[in-house]
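Me: I would like to go through the labels on this structure. For each one, tell me the value and the rule behind it.

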Amino acid sequence: MTEEYTFEGYAWYSREFEIPEEYLSKPCFLYLERTRKTTVWINNINKGSQNSLCTPHIYNITGSLHSGANTVTILIDNTDYPTKGGHMTSPDTQTNWNGITGKIELQIYNPVYLGDVQIYPDIHTKSVRIVSRIEGADGGVLKVSAEGIGKENKHCAPGKQFLLTNNNILIDYPLGEDALLWCEYHPNLYKLKLELMRDGFVVDNKEVIIGLREFKAKGDKFTINSRKIFLRGKHDGMIFPETGYAPTTVSEWIKVFKIAKSYGINHYRFHTCCPPEAAFTAADIVGIYMEPELPFWGTVTDEGDENHNKEEQEYIVNEGFLILKRFGNHPSFVMMSLGNELWGSKERLNQILKMYKEFDNRHLYTQGSNNFQFSPVILENDDFFCGVRFSKERLIRGSYAMCDAPLGHVQTDMPSTAKDYDDSILPPIQSQEIGVDSSKTIEVQYGMGIKKVSISPEDELIPKIPVVSHEIGQYSIFPNYAEIDKYKGPLKARNFEVFRKRLEEKGLLDLADKYFKCSGKLAVSCYKEELEAAFRTKKLAGFQILDIQDFNGQGTALVGILDSFMDSKGLITPEEWRTFCSDAVLLARFDRYNFIAGQDFSAHIELCYFRDIPLNTIDFSWTLKEGRKTLKSGCLNISDFKDDNYINIGSINFQMPDVSVMKELTLILRIDSLNIWKTYPLWVYPKNVVLETERVNIFDSISCEALRLLEKGQNILIVPRIDRLGNKVKGFYCTDFWCYPMFRSISENMNKPLPVGTMGLLINNSHPVFKYFPCKEYSTYQWWNIVSNSCSVIMDETADEFRPIIQTIDNFERNHKLGMLFECKVLNGKALVCSCDFNALVQYPEGKQFMFSIFKYVQSEEFRPEVFLSVSDLRRLLD
């Protein structure tokens, strides 16, 4: 996004105020909830500077106020931070704003008051440990009580008094056996009331909102209150384009989290940032597992390293302690990461983890998200691992950038529903050594650039802690230019305007909406397979998707089914998305989507189940339909579960119908008692399809014979040798990864192959060429083998009205007009061009059926191209 007005530098804020006389001698603090680097003056006296990006700035101004008018002056600087700040300061996300958000207030206390209060819950004794300090005196009486919050929690704990003999408070307060626990399903909260009394008078009171919960790592899973859970996480960079900064009101965050939860999300990982307190409060209420991350994306070094930046590293470590101290009481705060894609000293990372764990044991910790990339490690103090691979070949997500190849199975493998990552997480032969090659230095992607790093071969890494797959998905969708008018705040969609202008200059602007919808439908199907593979993986503890929401920066990564405002793009409903992203996901494992009539179909049915309601029996049913017509059906009933979370329901087997024409069928799975369902499209093709090549004039180039036939007014089919075409883009079924301009640039800088950069098909599916090959307007799995054995001809120089029958959607940087199937009048005849590998296609039933439909069309009276091309123009296209 583009800031309408960019400001970086010093911003000065000043205000006069008066306070009652009786407050002048009391402890007083200036509280700035969320800001940048600040310096404060009270009545022209400098009270110091603070620079936390993640937590409030609190200035002790006791004794600095006087009767009458007082002046507070605040200098805010949004430059030269002690660290770059990740997404806390990034123009890619919430912008590098300047100012103060949230509460700006004077906090005035009695001379004796309670200091910082930390609450440590114990679900086994149903009690909380209260740790605090009396400021201004030694001893007193602390009265503690608790009451449930909300309609579902009516439980109240009786008040209890504790005699304090010094200023340190460490007491255990029982909530009672009936106390309710906190989790995503039952986010039960309590208002803990603390009253400090001296000489029979209340001198201070505090209220702390708490939840009883225990979040642990057990084997390969996380547990909440001793029950296994699966993290269905969302990446978040605090993108709020209406304001350019993260909200500080609970209601705004509740709205965000409820939208995410409606799409099956139960976990948020904040990429190199920490949200304001309102986010944690909202997550407490809604039931979201939160993972803030230190605002660091770089290299951690030991003091002896020549590149060691002591000031920066001390700052980063201190930010972590401030985050724990400020937000640690929230039950939703369950995990913390040291940063994103870190490199450097493993020993230092391990030391930092140890310090945090000793300081606050209420959370789980990880060294970072996707640290050391191709050569990951698990440290002694890691509670869980978050990454994308365990070695170059042991992949645990479905898609990667070309510069991080090998690519994932969603990008390269023939579609099936059989893939999982269990063998990548825990290889069958544990003695095998799997690592990188023996070179000492390699280049890796590093943010939006590249970095040279030193690595050495490692023995095979076998995790014994929960594994979370990092930033899965990243399937790109063409821009929806209708969004431009939504940017009414300080951020403007100038990037969208530039992209739209480029498309208009190419004469393709009228197709923008179709590009958006068709690429979006393909992205949804890619996300479905990506997520199902995660749910099929028994050794996986969760994932963090990037993203269900568009990402504004890094060249513009429109990877969301929601736009950056968290509004639906209309590509899929929350209900359908939850069929493959929820706490109960029905799964069918089968090896392909395309079948010949009469062929046997077999699928193993599984249920990935992490709800908090135990199962006794399962009544499963399945139906095979053609439209509304039921072709086959069956049911299975099971009651003996060997695993409560990964349940083998059984197998379904049937013979595909003996069709005489191609059909698209739908396999529907249901467990009505759980209100869950799933659909899979299947395609079935007639047997014994014969391609009458002798009846069609087929050429692989514009030969003299082809020209002779065209001169005579005949029809020809040109199936060029795709290996000889120069004016082309390679066929690639999957939509582009993340953002083409960003990864094109990185690949170029690393001298690695460029990404293909296309975004699926736009098909004129009402065209008569598809009479015997019915299809949608967008890519579906009937096209995978066809696209994978094809290329698309670059047709930029043709007239605007010349539109391919099958057009490959290009990315918003190049905006090529790409044709895989197109027709034209040439001389006195007509030509249909199909840039596919004929010999490869006819090995597959879908490819053979596609060519059959083309053959029929070329021979029919319906073959009536509208656009004329000269021989020289056609030759230029096919050179």
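Me: What makes S21 and S22 a pair, and in which sense do they run?
Reply: Strand S21 (residues 267-270) and S22 are joined by three bridges, in the parallel sense. Two strands pair if DSSP finds at least two bridges between them, so S21 and S22, with three bridges, count as a pair. His267 stands opposite Tyr289 in S22. Strands here are DSSP runs of E of at least two residues, helices are runs of H or I of at least four, and both are numbered from the N terminus.

Me: Before we go on, what kind of model is this?
Reply: This is a predicted model: local features need pLDDT of at least 70, side-chain atom pairs count only at pLDDT 80 or more, and totals for chains, interfaces and linings use all residues. Residues are numbered from 1 along each chain as its sequence is written, and side-chain values use heavy atoms, with hydrogens and water left out.

Me: What is the strand order in the sheet that holds S21 and S22?
Reply: The order is S22-S21-S20-S32-S30-S27, an open sheet of six strands with parallel pairing. Strand S22 (289-291) and S27 are the edge strands, each pairing on one side only. Neighbouring strands of this sheet are turned by 25° against each other on average, direction ignored. The angle is taken between axes, which are lines fitted to C-alpha atoms (for helices over the stretch in contact); angles run from 0 to 180 degrees between N-to-C directions.

Me: Which strands are at the edges of the sheet S2-S7-S4-S5, and why are they called edges?
Reply: That open sheet has four strands, with antiparallel pairing. Strand S2 (10-17) and strand S5 (45-50) each have a single partner strand, so one side of each is left without a neighbour in the sheet. The average turn between neighbouring strands of this sheet is 15°, direction ignored. S2 pairs with strand S7 (residues 70-77) over eight bridges, antiparallel. There, Tyr10 has Asp77 of S7 as its bridge partner.

Me: Which strands pair with S11?
Reply: Among them are S9, S10 and S14. Strand S9 (residues 113-114) is joined to strand S11 (residues 127-135) by two bridges, running antiparallel. Leu114 has Ile134 as its bridge partner in S11. Strand S10 (residues 118-122) adds an antiparallel pairing over five bridges, where Gln118 is matched with Val131. Strand S14 (residues 168-174) pairs with S11 over seven bridges, also antiparallel, and Ser132 stands opposite Ile169 there.

Me: How many disulfides does the whole structure have, and how do you know that Cys54 is not in one?
Reply: The search finds zero disulfides. A disulfide is a pair of cysteine sulfur atoms within 2.5 Å. The closest cysteine sulfur to that of Cys54 is 5.2 Å away, in Cys274, so it is too far for a bond. Cys824 is in no disulfide either: the nearest cysteine sulfur, that of Cys834, is 14 Å away.

Me: Why is Cys54 called buried?
Reply: Buried means under 20% relative accessible area, exposed over 50%, and partly exposed in between (1.4 Å probe, protein chains only). Cys54 has 1%, so Cys54 is buried. Cys824, at 0%, counts as buried too.

Me: What makes Ile702 buried, and what is it in contact with?
Reply: Its relative accessibility is 13%, so Ile702 counts as buried. Contact means heavy atoms within 4.5 Å. Leaving aside neighbours within four places in sequence, Ile702 is in contact with Leu707, Ile718, Leu874, Arg875 and Leu878. Ile702 is in the loop between strand S41 (698-699) and helix H10 (704-711).

Me: What is notable about the phi of Asn225 and of Gln554?
Reply: Most residues other than glycine have a negative phi, and most peptide bonds are trans. Asn225 has a positive phi of about 55° and is not a glycine. Asn225 lies in the loop between strand S18 (221-224) and strand S19 (227-229), and at 16% relative accessibility Asn225 is buried. Gln554 has a positive phi near 50°. Gln554 is in the loop between S32 and H9, buried at 7%.

Me: Which peptide bonds are cis?
Reply: One joins Ala405 and Pro406, with omega about 15°. Another runs from Leu546 to Asp547, with omega near 5°. Pro406 is in the loop between strand S27 (385-387) and helix H5 (409-412). Asp547 lies in the loop between strand S32 (542-546) and helix H9 (574-577).
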